[in-house]
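Good morning, and thank you for making time for this presentation. I would ask you to keep the sequence and the model in view while I speak.

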Amino acid sequence: MLSYQDNKTLTQTGAGTPMGEVLRRYWIPALMTEELPYPDCPQVRVKLLGEELIAFRDTSGRVGLVDEYCPHRRVSLFYGRNEECGIRCAYHGWKFDVEGNCVDLPSEPAESNFKNKIRIKSYPCEERGGIIWTYMGDPAYKPELPEQEWMMVPDSQRYISKKIEECNYFQGLEGGIDSSHVSILHSGSVGNLGVSKQSSSTTLLAKDTAPRFEVMETDYGLLIGARRDADEDNYYWRITQFIMPWYTMIPPFGGAPRGGHAWVPIDDENCWVWSWSWTPGRDLTEEEVEQMKSGVGIHAKLIPGTFRTVANKENDFLIDRDMQKRRESFAGIFGVGMEDHAVQVSAGPIADRSLERLGTSDTAIIKARRCLLDAVRSHEKGEILPALDAESHRVRAASVLLPKGLPFHEGAQDALKLTEKDFEAV
Amino acid sequence: MLSYQDNKTLTQTGAGTPMGEVLRRYWIPALMTEELPYPDCPQVRVKLLGEELIAFRDTSGRVGLVDEYCPHRRVSLFYGRNEECGIRCAYHGWKFDVEGNCVDLPSEPAESNFKNKIRIKSYPCEERGGIIWTYMGDPAYKPELPEQEWMMVPDSQRYISKKIEECNYFQGLEGGIDSSHVSILHSGSVGNLGVSKQSSSTTLLAKDTAPRFEVMETDYGLLIGARRDADEDNYYWRITQFIMPWYTMIPPFGGAPRGGHAWVPIDDENCWVWSWSWTPGRDLTEEEVEQMKSGVGIHAKLIPGTFRTVANKENDFLIDRDMQKRRESFAGIFGVGMEDHAVQVSAGPIADRSLERLGTSDTAIIKARRCLLDAVRSHEKGEILPALDAESHRVRAASVLLPKGLPFHEGAQDALKLTEKDFEAV
Amino acid sequence: MLSYQDNKTLTQTGAGTPMGEVLRRYWIPALMTEELPYPDCPQVRVKLLGEELIAFRDTSGRVGLVDEYCPHRRVSLFYGRNEECGIRCAYHGWKFDVEGNCVDLPSEPAESNFKNKIRIKSYPCEERGGIIWTYMGDPAYKPELPEQEWMMVPDSQRYISKKIEECNYFQGLEGGIDSSHVSILHSGSVGNLGVSKQSSSTTLLAKDTAPRFEVMETDYGLLIGARRDADEDNYYWRITQFIMPWYTMIPPFGGAPRGGHAWVPIDDENCWVWSWSWTPGRDLTEEEVEQMKSGVGIHAKLIPGTFRTVANKENDFLIDRDMQKRRESFAGIFGVGMEDHAVQVSAGPIADRSLERLGTSDTAIIKARRCLLDAVRSHEKGEILPALDAESHRVRAASVLLPKGLPFHEGAQDALKLTEKDFEAV
């Protein structure tokens with residue numbers, strides 16, 4: 001359990017809140033590159049950490065992310081025109097460039113100096129890995145863009161999706177580092193993440209539903225080992241990476257594509273779930289891409305034209321009690337990612353963690369909360385925050401059999417870290 | 001009118017509220033037996049007195065009613081599995097029996113004692129009269145199940161329905177003891193409650209729209225006599241029973257099936273309306289059952305798969321101004337029960353009783369409010385509450401012609417009380 | 001910008017609020033005459049200034065506007081019967097006439113004096129110009145009905161419509177006196193207001209997007225001159241009338257029908273937009289009426305059976321980015337009135353004016369706010385309020401070319417005021 005105050009600190013992310021200030025020190029995946037496909041394409045509304053914003057790609061191809069509301073009379077720039085290197089308000093024609101400068105103000109006399117006094121809130125954007133990233137914090141502290149493996153591979157080796165989840169970001173994040181639930185919630189569906197339904201991983205997961213957790217603090221977040229009994233001499237280790245402030249990397253299943261997530265606040269009661277799959281050293285196969293599009297794995301089926309999932313809170317996630325009886329899905333929900341989505345959302349928009357009963361299997365979750373709450377204190381003291389170094393993101397999750405007695409971070413050392421050489425190879 | 005504070009006391013029923021504590025001292029009709037038709041059938045969400053609960057029927061046929069949220073990480077058991085004598089959370093597999101014991105906890109090591117420390121909130125259930133009843137109060141004070149006539153007759157003599165009404169329970173209850181409105185609101189439709197459209201009851205009701213009320217306090221609630229002029233020598237008495245805390249019995253119309261209701265809080269702005277019809281001493285006819293299913297009487301037409309009425313607040317109860325002009329329904333609403341439903345809901349989720357203008361025709365309503373508010377005070381003082389004795393429920397409503405001058409409770413004595421013999425005969 | 005407190009004062013209009021009290025000193029356009037087409041027709045719900053009311057036309061043709069809720073037990077009179085010179089509650093039959101007197105009370109004994117103590121809140125109504133007007137203020141101060149030109153012309157010279165706009169009334173009103181935005185927001189669509197797409201007005205509007213404002217206070221509100229450069233010797237003046245408390249008159253486009261609006265609070269987050277077009281001295285042509293019905297101008301397309309616009313907040317006003325690219329509509333919204341509607345609503349239910357950046361082009365808006373806020377102070381001091389004199393409404397908006405140097409109110413004098421003769425001629 002968490003105190004009322006700590007739960008509030010953990011889950012509130014608006015401008016000026018303690019956690020909101022910490023999250024704003026990191027690059028934020030804001031939207032998919034394909035949402036702004038060409039210069040002067042229609043602008044898009046984006047809500048991040050409670051802030052209502054407009055993203056646009058200008059005539060020269062640069063991306064702007066500005067306040068949704070024109071500073072003049074506060075009408076939405078969604079109805080404005082994206083034209084000639086700026087976005088122009090539809091009401092009185094005030095126009096802003098990607099840096100937030102007012103570049104035209106036709107409603108005032110040309111000789112007035114008024115235009116130069118006007119700015120709109122704007123955040124810098126960069127593109128990498130199929131994503132438009134933004135930085136919403138103090139410009140003086142802007143770090144380098146992170147360098148996670150999936151971001152660096154060629155497009156043909158990567159599949160990305162994004163969806164809205166109807167709860168606080170941290171409920172999603174908790175699922176992403178919780179190896180324990182894989183043995184239960186995903187017991188019917190986990191085979192869909194790998195290459196074959198009857199892989200050794202799924203057998204090992206089913207065999208031991210009470211993994212022991214060993215969690216190590218790192219300079220980027222947490223290294224989370226979940227140990228299950230395999231045979232007389234070996235443990236089966238599933239090793240998850242938690243990278244501050246919201247990245248989780250899923251331990252792989254055989255040669256199947258690797259996967260990971262980011263859990264980014266839209267506001268305090270909704271979050272963006274980013275999902276990526278990638279194959280180091282080879283292209284994704286057509287079959288793999290088809291499977292991702294089908295919604296059977298971590299990528300969800302969306303209502304066309306939206307980032308809302310077809311199965312959602314309003315329709316009880318299309319629960320199918322027959323599918324549940326047959327154990328094809330333990331929760332009766334189609335898709336591995338949607339199983340998580342459903343249970344996470346079912347705890348309410350912001351779970352009341354003061355009522356929880358945590359066990360040893362929640363060790364990683366307890367540590368991750370601590371990691372974020374410590375960051376709040378560090379930030380207040382002006383101390384350095386974890387994972388701001390772009391290179392610290394060059395890590396991998398792993399699934400390995402290790403002899404009993406061998407510490408997991410030693411035994412899995414090579415599997416967990418991308419060397420300079422590896423990194424250049426991708 | 002009622003003071004702001006008394007209105008609040010009367011209408012707030014959540015755990016810990018004064019009225020909430022009183023209502024929890026009584027058995028509560030929770031759901032229809034047919035909602036949990038067979039062992040290990042799908043669980044059902046139930047909201048009662050503001051508490052979100054899950055009902056399930058286990059492998060042995062016993063019914064459990066537990067907190068909707070798993071104590072571990074607060075996800076909803078709606079997505080769990082009802083299997084092998086317990087309901088199991090879909091997230092980490094924690095499993096609970098009908099008594100709220102944790103019977104399996106697969107995410108923690110078998111040798112840990114953790115499981116034995118975990119319980120889920122659970123309420124005892126019993127089944128009678130086609131209904132699953134629950135008791136949400138202090139176990140030390142659990143009374144016997146009530147013994148109302150309709151509960152005790154064979155299934156073939158009873159028809160039951162349940163619907164959601166979009167307002168506070170007490171607005172519904174007030175309608176159930178308000179004989180006065182029958183002469184107006186139901187003037188076009190009341191014939192549908194009896195055997196013939198032109199019965200003597202309907203004529204008598206139309207003749208005198210200003211009944212005089214005589215209300216007597218009893219050990220179970222109130223005995224409410226509404227007196228109308230019949231002829232030179234006689235009064236027509238419609239005698240309603242109000243049994244604490246929410247039961248109302250409708251004075252009968254000739255040999256037609258008898259009827260009654262319970263008005264049970266879902267939360268403070270919605271209530272369950274339970275309706276029952278029964279025929280002492282004989283089976284319901286097919287024609288009578290068809291009429292009940294048609295929605296013309298006190299049982300409403302529902303949207304299939306829900307307990308939401310087809311005519312509801314969102315569609316202005318499908319008001320038909322032509323039907324209203326023709327006086328087939330005084331309010332232009334189809335169905336006797338829906339006429340009540342519409343006007344009750346139209347006063348808002350919680351009527352502001354501080355603005356009312358009550359007359360002598362509201363005597364029963366004033367007394368019923370007093371009855372509930374007195375129960376709050378009695379409960380706080382640790383005094384005995386009315387109607388906790390199961391046998392006190394063995395009463396009947398009545399409609400009788402009595403000579404002027406004869407007190408109604410004397411003249412109608414036999415019609416109002418079920419003798420031991422009567423009761424055994426049913 | 002406006003202080004938080006002034007913004008609150010300006011935008012809150014419920015009973016007892018300072019602005020609410022001022023607005024209640026004026027006649028209010030309540031509903032269209034055609035909404036109550038014949039005696040004893042179905043009653044209609046009307047919400048005005050936050051008050052929920054029922055309008056009905058009685059057997060003699062008189063219009064009543066009364067509290068929606070019966071004083072007895074607060075159920076809605078929407079379900080009541082409009083019959084025999086009064087509206088009768090469906091619950092217990094209490095009946096009220098258009099003046100709010102209780103004329104029948106069948107649920108109480110005839111000999112009781114109860115009926116005479118009962119009244120329902122009622123507001124006087126009058127009909128003029130196709131509209132049912134009401135006065136919701138202190139009866140002692142009821143003024144004469146206003147005498148605006150469009151109200152006085154024969155029906156064949158007038159077209160009226162009404163719609164719901166999903167924001168505070170003042171956001172709408174600001175648009176109505178803001179000549180500046182016409183050059184931008186309506187640059188693609190303004191031709192639809194006139195007789196020809198390429199009129200001299202539209203050319204002049206496009207030529208100068210930064211009009212200089214000269215605003216004069218009058219005994220009815222404001223006379224707002226917006227000056228644009230025309231040629232070497234002349235200015236193009238668009239002169240808008242603002243008549244307290246919510247009327248705006250659009251400067252005309254050539255010989256096209258004249259237009260105006262009233263912006264009336266439904267509650268603080270929604271308003272009625274009344275729109276009227278009229279042709280002094282001649283009937284509207286069929287073509288003109290067709291154009292009005294098409295939604296291309298100031299009159300919007302409505303969802304049949306409602307006053308909700310087809311293009312609305314929920315569907316992003318059916319924005320069409322292609323139409324926007326082609327500059328047929330600067331905002332990509334169909335219809336001149338809907339362009340305004342969309343941007344006004346996009347600022348939120350109640351714009352936060354403390355965040356604005358106003359320029360010289362907002363002079364009229366600043367003055368209009370001051371006009372309303374001054375009225376609050378005048379009213380509190382018991383001083384006379386502007387525009388209560390019916391004859392003060394006999395003014396016109398104008399569009400004129402005037403020699404540079406000539407004050408606009410002098411040069412346009414004849415165009416701005418209806419003489420006694422003019423007024424009688426209409």
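Two copies of a chain are related by a rotation about an axis and a shift along it. For the superposition behind that axis, copies are fitted by least squares on C-alpha atoms of residues with pLDDT of at least 70 in both. I should say at once that what you see is a predicted model.

Let me begin with the symmetry. A turn of 120 degrees, with a shift of 0.0 Å along the axis, lays chain C on chain A with an RMSD of 0.0 Å. This is therefore the relation of a three-fold axis. Which residue of chain C comes closest to the rotation axis? It is C:Glu314, whose C-alpha lies at 10 Å.

I turn now to the organisation within one chain. In chain A, the domain assignment gives domain 1, residues 27-141, and domain 2, residues 149-425. The C-alpha centres of these two domains of chain A are 34 Å apart. Contact between them involves 16 residues of domain 1 and 18 residues of domain 2 of chain A. Together, domain 1 and domain 2 of chain A bury about 1400 Å² between them, and carbon and sulfur atoms give 69% of that area. On the side of domain 1, the residues that lose the most area to domain 2 of chain A are A:Pro29, A:Met32 and A:Lys47, together 33% of what that side buries.

A:Lys47 also appears in the polar part of this interface. It forms a salt bridge with A:Asp267, in which the closest N and O atoms are 3.3 Å apart. The count between domain 1 and domain 2 of chain A is 2 salt bridges, and 8 residue pairs are in polar contact across the interface of these domains. Which strands supply at least two residues each to the side of domain 1 that touches domain 2 of chain A? They are strand 1 (27-32), strand 2 (44-48) and strand 11 (131-135) of chain A. Strand 1 of chain A provides the largest share, 6 residues. By residue class, this side of domain 1 of chain A divides into 10 nonpolar, 3 polar and 3 charged residues.

Next, the interfaces between chains. I take chain C and chain A as the first case. Here 36 residues of chain C are in contact with 32 residues of chain A. The area buried between chain C and chain A is about 2800 Å², with 50% given by carbon and sulfur atoms. How many salt bridges are found across the interface of chain C and chain A? There are 5 salt bridges, one of which joins A:Arg45 to C:Asp316, with the closest N and O atoms 3.0 Å apart. In addition, 20 residue pairs are in polar contact across the interface of chain C and chain A. On the side of chain C that touches chain A, helix 4 (169-176), helix 7 (321-325) and helix 8 (336-346) of chain C each supply at least two residues. Helix 8 of chain C gives the largest share, 4 residues. The residues of this side of chain C divide into 14 nonpolar, 11 polar and 11 charged.

For chain A and chain B, 36 residues of chain A are in contact with 32 residues of chain B. Chain A and chain B bury about 2800 Å² between them, 50% of it on carbon and sulfur atoms. The interface of chain A and chain B has 5 salt bridges. One of them is between the side chains of A:Arg212 and B:Glu111, at 3.2 Å from N to O.

I close with some points of backbone geometry. Most residues other than glycine have a negative phi, and most peptide bonds are trans. A cis peptide bond, however, joins A:Met244 and A:Pro245, with omega about -5 degrees. Where does A:Pro245 lie? A:Pro245 is in the loop between strand 15 (234-243) and strand 16 (247-250) of chain A. In chain B, a cis peptide bond joins B:Met244 and B:Pro245, with omega about 0 degrees. Lastly, A:Asp316 is a residue other than glycine with a positive phi, near 50 degrees. A:Asp316 lies in the loop between helix 6 (286-294) and helix 7 of chain A.

Conventions
Residues are numbered from 1 along each chain as its sequence is written. Chains are lettered from A and ligands numbered from 1 in the order in which they are written. This is a predicted model: local features need pLDDT of at least 70, side-chain atom pairs count only at pLDDT 80 or more; totals for chains, interfaces and linings use all residues. Side-chain values use heavy atoms; hydrogens and water are left out. Domain bounds come from an automatic or database domain assignment. Contact means heavy atoms within 4.5 Å. Buried area is the accessible area (1.4 Å probe) that two parts lose on being put together, summed over both. A salt bridge is a side-chain nitrogen of Lys or Arg within 4 Å of a carboxyl oxygen of Asp or Glu. A polar contact is a pair of N or O atoms within 3.5 Å; within protein, one must be able to donate a hydrogen and the other to accept it, and residues adjacent in sequence count only if both atoms are side-chain atoms. Ala, Val, Leu, Ile, Met, Phe, Trp, Tyr, Cys and Pro count as nonpolar, Asp, Glu, Lys and Arg as charged, and the others, Gly among them, as polar.
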